[in-house]
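Hi everyone, thanks for making time. I'd like to walk you through one structure and talk about where its charged and nonpolar side chains sit.

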Amino acid sequence: MSELHPSIVALVALAANIASNHPNRGLCQIDKLKGYGVSKEQIDSVIEIARHIRDEAAQKLDASFDEAYAEGWQPAKPKLKADPFANIAIKETGGACCTPTQSGQSCC
């Protein structure tokens, strides 16, 4: 297995810290990245993508919660006889794995 360059590791760590809302926020990686000669523009891109992924995940979690919460207020559905075909997976079509960041960068 080949080792990653320390600058790549620092960029990944920075993005992971931001996307996961880690209390350290990845700030310790910034000095390392500067030392490796990574430009401010490249660091800014990583920060933007990580924040976008974090925010998109939060929005999806909130929407899922809101849907489940709303369902809890619906009247109970009548019990139906078990359907042997009810557990067949249905493949959803369309939809991107993520949306681009505000500046148009892809996070996929």
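I'll go through a helix, then the salt bridges, then a buried charge, and finish with a surface patch.

One thing to keep in mind: this is a predicted model.

Let's start with helix α2, which covers residues 27-35. Which of its residues are buried? They are Gln 29, Ile 30 and Leu 33. Looking down the axis of α2, these buried residues fall within an arc of 110°, so they line one face of the helix. Their cover includes α1 and α3. On the face turned away from that buried side, α2 carries exposed residues, namely Asp 31, Lys 34 and Gly 35. Just after α2 comes Gly 37, with a positive phi of about 85°.

Now to the charges. Side chains of opposite charge can pair when their charged atoms come close. How many salt bridges are there? The count is 2, taking a Lys or Arg side-chain nitrogen within 4 Å of an Asp or Glu carboxyl oxygen.

One of them joins Lys 40 to Asp 44, at 2.9 Å from N to O. Both residues belong to helix α3 and sit 4 residues apart, about one turn of the helix. Lys 40 is exposed, with 58% relative accessible area, while Asp 44 has 34% and counts as partly exposed.

Another salt bridge links Arg 54 with Asp 55, and there the closest N and O atoms are 3.1 Å apart. Arg 54 is partly exposed at 22% relative accessibility, and Asp 55 is partly exposed as well, at 37%.

Next, the residue I'd most like you to look at: Glu 56, in helix α3, residues 40-71. Glu 56 is buried but has no salt bridge. Why does Lys 60 not count as a partner for Glu 56? Lys 60 is the nearest side chain of opposite charge, but it is 4.7 Å away, and a salt bridge has to be within 4 Å, so the pair is not counted. What does Glu 56 touch, then, beyond its neighbours within four places in sequence? Its contacts there are Cys 98 and Thr 99.

Last, the surface. Leu 4, Ile 8, Val 9 and Val 12 make a nonpolar patch of about 350 Å². Leu 4 is in the segment before α1, the helix spanning 6-19. With 55% relative accessibility, Leu 4 counts as exposed.

That's my tour, and I'm happy to take questions.

Notes: Residues numbered from 1 in each chain as written. Predicted model: local features only at pLDDT ≥ 70, side-chain atom pairs only at ≥ 80, totals over all residues. Heavy atoms only, no water. Patch = residues over 30% accessible without salt bridge, like charges linked within 9 Å, V, L, I, M, F, W, Y side chains within 5 Å. Areas by Shrake-Rupley, 256 points an atom, 1.4 Å probe, with all protein chains shown as cover. Helix = DSSP H or I, 4+ residues; strand = E, 2+ residues; numbered from the N terminus. Buried < 20%, exposed > 50% of the residue type's maximum accessible area, 1.4 Å probe, protein only. Lys, Arg positive; Asp, Glu negative; His and termini not counted. Contact = heavy atoms within 4.5 Å. Arc of directions from axis to C-beta.
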